[in-house]
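Hi,

Here is the structure I said I would pass on. Have a look at it first, and my notes follow underneath.

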Number of protein chains: 2
Amino acid sequence: MKDTRTEILDVAEDLIQRMGINAMSYKHISDIVGIKKPSIHHHFPKKENLVEALLERCHIVYGDRYKAIIDRPETTPKKLRLLAGVFEEGLRSGKLCLVGTIGSDLITLQDKSRLILEQTIDSTVSIYTKAFMQGEEEGSLVLRDTPQTVAFTFFSFMIGAQITARAHGGIKSFHKATEVIISSWEAR
Amino acid sequence: MKDTRTEILDVAEDLIQRMGINAMSYKHISDIVGIKKPSIHHHFPKKENLVEALLERCHIVYGDRYKAIIDRPETTPKKLRLLAGVFEEGLRSGKLCLVGTIGSDLITLQDKSRLILEQTIDSTVSIYTKAFMQGEEEGSLVLRDTPQTVAFTFFSFMIGAQITARAHGGIKSFHKATEVIISSWEAR
DNA sequence: GAAAATAAATCTATCAGGAGGTAGGGTGGG
DNA sequence: CCCACCCTACCTCCTGATAGATTTATTTTC
């Protein structure tokens, strides 16, 4: 049995990914979790606390997930496709990457949340960077800029593609666009 | 002197681009425009009407703007950089492309708005497609997929890059990422 | 061209509902 | 006993939205 705090975070994450941070409310969460609204305030006194906890968790969980993919014994292009698969998986149920949704409402965030979001982008890009460095070393990728910059580009693209694909074309569009990006860096 | 309706649309657009569609309210608009809240309801009875009008206007205005860029007597890579410049310009004042912000809150939209958003993506991609076709013809671009798919990829990327760059790195990051994308398609 | 009628735009006042948030009372396990 | 957890009840503020009076333009009529 999951503890309530975790359950709240899970539901909140799901709701935010689907409808955005400002459309999600404590009422929504409490209805789904099956507890009353003030009980959520017991775990997360203010909404900003919830958002911070969520971003911090996302920072760790997805960081680990990306690392695990990149540490696999595969070619780099394959790894990039697996990374894209993580985003595709969310899209399959109409969910956006937290960095994307929350980032699009950046101004409504508290300073601390904004900072965590910034750090999350930073560390995600760092993790991706490793893959692109490997790709250059093993000769499977040909890059015209630094691995860091390319990693940022790749991450940015996937956040955008999730949004556009959800609104028009769905998974198929996302998949095709991903192929365009990755193949343009693939050595041939 | 601008008419009130246009002024409302201008202010609403600005607010949505900065803080997202669900954080923007009629009160915010009325305070800035300098009229009372119910006066906005006179022009746009329901919020969905405002959003529809906004998306329809965006559809036309930016469509024309993109077309104007693509019809210039420049090389295609230069045109792509000019298109990116439009997004960079918004970013300079912390504003996201309407398709990006509104798209990230897709679920909270009415069917009609969702449809217009879909059409906007579709027609924007069509306009971009023309540029990529020209690029292949003139030999300045080398693509590994159809111009349509590459156009969708490019648009998606810019929407995502606006979000990530606003949260981390700013215009400089956006610019560098744009260069990565465009140069990867540039013939050499 | 002045007056009257019509239409458009804005106002004040108000509403119901939902947002985040608080106070304080149970309840059950270490 | 105490502390963590969840509850009921409530508060304030803001949301989109409506009704109806008032003002401002525009048009029609004499």
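Let me begin at the DNA: a phosphate oxygen of DNA strand C sits 2.7 Å from an N or O atom in the side chain of His43(B). Bear in mind as you read that this is a predicted model.

Lys36(B) also reaches a phosphate oxygen of DNA strand C, in this case with a backbone N or O atom, at 2.6 Å. On the chain A side there is a contact to a base: an N or O atom in the side chain of Lys37(A) is 3.0 Å from a base nitrogen of strand C.

Which residues come nearest to DNA strand C? There are 18 residues around the strand, and the nearest are Lys47(A), Thr4(B), Lys36(B), Ser39(B) and His43(B). So much for names; by class, the surface near strand C is made up of six nonpolar, seven polar and five charged residues. Looking from the DNA side, 60% of the strand C atoms within 4 Å of the protein belong to sugar or phosphate, and the rest belong to bases.

As for secondary structure, three helices each supply at least two residues of that surface: H2 (26-33) and H3 (37-43) of chain A, plus H3 (37-43) of chain B. H3(B) gives the most, with four residues.

Now the protein-protein side. Chain A and chain B each put 48 residues into their contact. Between them they bury about 4,000 Å², and 65% of that is on carbon and sulfur atoms. Within chain A, the residues that lose the most area to chain B are Arg144(A), Phe152(A) and His168(A), which together account for 17% of what that side buries.

How many salt bridges are counted between chain A and chain B? The count is zero. Polar contacts do turn up, though: the rule finds 13 residue pairs across the interface, both partners at pLDDT 80 or more.

On the side of chain A that touches chain B, the elements giving two or more residues are helices H1 (4-19), H6 (98-104), H7 (111-138), H8 (147-167) and H9 (170-185). H8(A) gives the most, with 15 residues. By class, that side of chain A has 22 nonpolar, 16 polar and ten charged residues.

If you only open two spots in the viewer, I'd pick His43(B) with its phosphate oxygen contact on strand C, and H8(A), with its 15 residues on the side that touches chain B.

Cheers

Note on methods:
Residues numbered from 1 in each chain as written. Chains lettered and ligands numbered in written order. Predicted model: local features only at pLDDT ≥ 70, side-chain atom pairs only at ≥ 80, totals over all residues. Heavy atoms only, no water. Contact = heavy atoms within 4.5 Å. Buried area = accessible area lost by both parts, 1.4 Å probe. Salt bridge = Lys/Arg side-chain N within 4 Å of Asp/Glu carboxyl O. Polar contact = N/O pair within 3.5 Å; in protein donor to acceptor, adjacent residues only side chain to side chain. Nonpolar A, V, L, I, M, F, W, Y, C, P; charged D, E, K, R; others polar. Near = heavy atom within 4 Å.
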